[in-house]
Amino acid sequence: MRYVYLAKDDLGKFIDLLKEKHRVVAPVKKENLFVFADISGGEDMSLEYIPTIIPPKKYIMPQKESLGKFDMGEVSMKDTSIEMEPTVIFGMHTCDIDGLECLDVVFHKDPADPYYKKRRKNVTIIGYECMFPCDEYATCVTMDTHVPKAGYDIMMTDAGDKYILHVNSKQGDAIIGSGNIFKEADQDAIKKELKDLREKKLPKFKRALNPGYKELQPLFEKSYNNTGVWDDVGRRCVSCGNCTAVCPTCYCFDVYDDVKLDMSGGERGRVWDSCQLNEFAEVAGGENFREERSSRQRHRYYRKFDYPVRKHDKFFCTGCGRCTRTCMAKISLIETVNDLAKGEQDV
Amino acid sequence: MSEDKKKVRIAFFDFADCEGCQLQLTYLNENFLGLLEHCEIVSFREAMSERSDEYDIAFVEGSITRKHDEERVRKIRENAKIVIAYGSCASLGGVNGLRRRFSDEEAKEIVYKGRDSHLEAGWPRPVHEVVKVDHFIHGCPSNNDETIKAVKSILLGKGYTPPDYPVCVECKLKENVCLFEKGQVCMGPVTRAGCGAWCPSWGNTCYSCRGLLDDPAEQGQTELLEKYGYTIDDITEKFDLYNRCRMDAEKEAEKK
Ligand code: SF4
Ligand code: SF4
Ligand code: SF4
Ligand code: SF4
């Protein structure tokens, strides 16, 4: 749509402006890591951060949420509506924006998930472009998520003493229009400045995955029976489920009923689930389709690099690196994929 | 619920333990009162002096150690419709299992020095190694939220199955910084959830007080702890702390 400038000194004022009409969540420090959390002012946030422990998907599909209430004996649900105040997710990295686009595809597909849809509608995304790769675990270059493309209302790019803001939606435009801290300038000049900044940025982002974007899915097509790799990963995995909980594109959940103390009724809710847990693929009668850790790990990778490409024409890995960062068993996405590629060459 | 409907009678019994799990229940406050609409506590040493032998549900706390305790728990089993092993001493053998590292003589010498002629050391066992147990509520101490959940579910006739996923799941949902990311170690990955990741949420390591999962990643966890500089003995000790009785039973089963 259009570009404007924001002086770095006015960042606090920007947050204050947003807070007039929105709840604002942004990356904040938690011990030696980061999490998205409510902020009361610009001084609370840490804009220079590596991906948060849990991605901001938690605001749109919360870890645990109520789906409605029921009375005993009746086969109907009531109070199924949810409340969500207009929320700005501030400072989202491009990989997490891509993650949200994956969830959008899944939850908006007919029949759309009403809870997700309602929350998503109330969310405004203000992204913050990475000018440096966050650490050695990220694979955003291969996944092509390191440069802003779409999926945001406003994108901020660091340009020295100011930010360049790309206003990308009506919602974003309304926000910019409501403040007097933004500076208009010649659009071509800003575009040129942005182009120069990116030319300087891109060489800093090195490829970590050996297969390229186009080679990834074909590699997985051939790797299902690469037992060497899957058994090794399966042996080391402790099935803690962390890699899926932290993944911006994982969306599996379990449904539960919580009955009130007086037993007159209760609440039905859902909670994040994980394909890494032993019970996940267990069905009535006790049969478990993925009893082996190796098959559960393989499943996770295929849910990122193969199945969604067939189904939605989109990789469900954003390259954020969270799964590798969080794995206490040091199972690395980069190593696994590169090992698969190696195996492929050997054949 | 109508007044004439018969309330379920619940009784509590303790064996070799600290009674800490029963003590937890006195913190239940209004939740406890809510439950009393459906049940009646007929025996509860932590909070009342009367007792009765007529009950439907028996909460058995503590490990079974001596001959005399075996007889007592058998009697309880006969009287009760439902027996719940309540707390890790009862459900797993718990820390009492550590006693199994010593011979009878050593144990008596350590614990009852000077009085060991008339005191018995006993052999600690989880309740299900002595009588049939219908439901398990793990934890050292037990977690009230889980206890309430289990009791509701049992009263509804659905029974109660504790989670078979690890503490890490609850820990990550809370977005805790993992202890491994701070250079510490944790038994969370192999330990049954249900406590809401109590300890890691307060910066403490998980001791596996709720016991191992049905299919714990023993190999993965061992390799992991080794990477953090733990010897096999240290690791055995970590697994043993609450799971000694189960590990013994598994070894026994392997022999057969
Ligand atoms: S985080 Fe690592 S150990 Fe845990 S389930 Fe994932 S791959 Fe396995
Ligand atoms: S698979 Fe790993 S790197 Fe890819 S999006 Fe999920 S957490 Fe990020
Ligand atoms: S702190 Fe412990 S329980 Fe929490 S994620 Fe790490 S290993 Fe699991
Ligand atoms: S975190 Fe571990 S030690 Fe602590 S209560 Fe839970 S299971 Fe027990």
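**Exercise 1.** In this predicted model, work out which residues surround ligand 4 and how the shell splits by class.

*Solution.* Start by listing the neighbours from chain B: B:T191, B:C195, B:W198, B:C199, B:P200, B:C206, B:Y207, B:S208, B:C209 and B:R210 surround ligand 4. Next, sort them by class: the shell has seven nonpolar, two polar and one charged residues.

**Exercise 2.** Count the disulfides over all chains, then say why B:C140 has no bond to the closest cysteine sulfur.

*Solution.* First, the cut-off: a pair of cysteine sulfur atoms has to lie within 2.5 Å. By that rule, you get zero disulfides over all chains. Take A:C275, which is in no disulfide: its nearest cysteine sulfur belongs to A:C250 and sits 6.0 Å away. A:C275 also counts as buried, with 11% relative accessibility. Now for B:C140: the closest cysteine sulfur is in B:C209, and because the gap is 5.5 Å, that's too far for a bond. B:C140 comes out as partly exposed, at 32% relative accessibility.

**Exercise 3.** Lay out the open three-stranded sheet of chain A and find which helix packs on it.

*Solution.* Begin with the strand order, which is 4-11-10 with antiparallel pairing. Strand 4 (64-71) and strand 10 (253-259) each pair on one side only, so they're the edge strands. On average, neighbouring strands are turned by 25 degrees against each other, ignoring direction. Then zoom in on one pairing: seven bridges link strand 10 to strand 11 (residues 265-272), and A:V259 has A:G266 in strand 11 as its bridge partner. Lastly, the helix: helix 3 (residues 114-121) of chain A packs on the sheet and touches strand 4 and strand 11. Its direction makes about 130 degrees with that of strand 4.

Notes: Residues numbered from 1 in each chain as written. Chains lettered and ligands numbered in written order. Predicted model: local features only at pLDDT ≥ 70, side-chain atom pairs only at ≥ 80, totals over all residues. Heavy atoms only, no water. Near = heavy atom within 4 Å. Nonpolar A, V, L, I, M, F, W, Y, C, P; charged D, E, K, R; others polar. Buried < 20%, exposed > 50% of the residue type's maximum accessible area, 1.4 Å probe, protein only. Pairing = 2+ DSSP bridges. Helix = DSSP H or I, 4+ residues; strand = E, 2+ residues; numbered from the N terminus. Axes fitted to C-alpha atoms, helices over the stretch in contact; angles between N-to-C directions. Contact = heavy atoms within 4.5 Å.
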